[in-house]
Amino acid sequence: MDGAIGITDAQLAHFERNGFFFVPNPLGAEGVREVDARQQEVEPVWAQTEFPGCNRLACQFLMIGEPLLKMVESPILLEAARRILGAEDLHVGACGIGDASQGRSIRQVYWHVDGGPDVRQVSFRTALDRHDASNAPLRVLPGSHHRSRDEVEAELMQLELATGNHEEPPEHCYARHPQEVEVVLDPRWTLIWTPSCWHATGLKTGAGPRRAMGWNYFPPGGRKRDVKAVMQLNPEWEDWPEERRRLWGLDS
């Protein structure tokens, strides 16, 4: 880990109000190169392996092993997450690395939310390839983590219908929202945000990969999506120290 994050009160206020803020990538350039190399090393094996019942990008994350486990367990990142969430006891509820569009025809992700006003979570997201306007950048609707699902869904539907592209209400919405923020994520920066904010992506028009890595911390009672993947990719998990088991959601 390259150094302390040093979260300010202004950044915390921005997170609470808008749902995100940026910090310099805590891995530093050397750390990014190491993770990039490891990701490319494990990807061919990962692509040919079945992971029944597990999120595939979480499995790729866990295949990289100790470098990413230790990064998630870094005291400076845990301190930042505790300060953001106002909770001492945290666990990792989801993680992933790789190109989410790999092997799919989809070139754009529709508006959706992973949580809601009652779900406290913080996610650390870092691009391994620059996510610029041609590479399906993340689009975030600031402040929507404080709004009800029904209210935002209805608003997005009206904006989608206003495009004039539909004869009847569509299943998914892609239209731009006048208050959205398009996040051009460069590997030099890490996005700290809550997926309880509504989000989508732009359209991928450029060639090349769109890789990213991320993981979510939750307070007690929060999501534990990837526990099965953690156990499957780390058969020695029962021998882990209690603190590591608890952080990866293996305490029950």
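## Spaces inside the protein

On a 1 Å grid over the protein atoms alone, a cavity is a set of points where a 1.4 Å probe fits but cannot get out, while a pocket is an open set with protein on both sides within 12 Å along at least five of seven lines. A residue belongs to a lining if it has an atom within 4 Å of a point. Points are joined across faces, edges and corners, and a volume is the space filled by probe spheres set on them.

Before we look around, note that this is a predicted model, where local features need pLDDT of at least 70, side-chain atom pairs count only at pLDDT 80 or more, and totals for chains, interfaces and linings use all residues. Residues are numbered from 1 along each chain as its sequence is written, and side-chain values use heavy atoms, with hydrogens and water left out.

## The cavity

How many cavities of 30 Å³ or more does the structure hold? There is one, and the largest cavity contains about 40 Å³ of space. Its lining is made of N25, P26, L27, M71, L77, F124, T126, T190, M213 and W215.

Helices (H or I, at least four residues) and strands (E, at least two) are DSSP runs, numbered from the N terminus. Strands β3 (122-127) and β8 (211-218) each give at least two residues to this lining. To sort residues by character, Ala, Val, Leu, Ile, Met, Phe, Trp, Tyr, Cys and Pro count as nonpolar, Asp, Glu, Lys and Arg as charged, and the others, Gly among them, as polar. The cavity lining has seven nonpolar residues, three polar and no charged.

## The largest pocket

Now to the largest pocket, which has a volume of about 1,200 Å³. Its lining consists of 42 residues, and L57, A100, H112, R125 and R225 are the ones nearest its centre. Two or more lining residues come from each of α3 (56-64), β2 (91-99), β3, β7 (199-201) and β8. By character, the pocket lining splits into 18 nonpolar, 13 polar and 11 charged residues.

## Two sheets

Strands of a sheet pair through backbone hydrogen bonds, either parallel or antiparallel. Here, two strands count as paired if DSSP finds at least two bridges between them. One open sheet has five strands in the order β1-β6-β3-β8-β2, with antiparallel pairing. β1 (20-24) and β2 are at its edges; each has a single partner strand, so one side of each has no neighbour in the sheet. Eight bridges connect the antiparallel strands β2 and β8, and I97 has M213 in β8 as its bridge partner. You have already met M213 in the lining of the largest cavity.

Another open sheet has three strands in the order β5-β4-β7, again with antiparallel pairing. Its edges are β5 (181-183) and β7, each with a single partner strand, so one side of each lacks a neighbour in the sheet. Three bridges join β4 (residues 138-140) to the antiparallel β7, where A200 is the bridge partner of R139.

## Cysteines without a bond

How many disulfides (pairs of cysteine sulfur atoms within 2.5 Å) does a search of the whole structure find? The search finds zero. Why does C95 have no bond? Its sulfur is 8.5 Å from the closest cysteine sulfur, in C59, which is too far. C173 is in no disulfide either, as the nearest cysteine sulfur, that of C197, is 17 Å away.

Are these residues buried or exposed? Buried means under 20% relative accessible area, exposed over 50%, and partly exposed in between (1.4 Å probe, protein chains only). C95 is buried at 5% relative accessibility, and C173 is buried at 8%.

Notes:
Disulfide = S-S within 2.5 Å.
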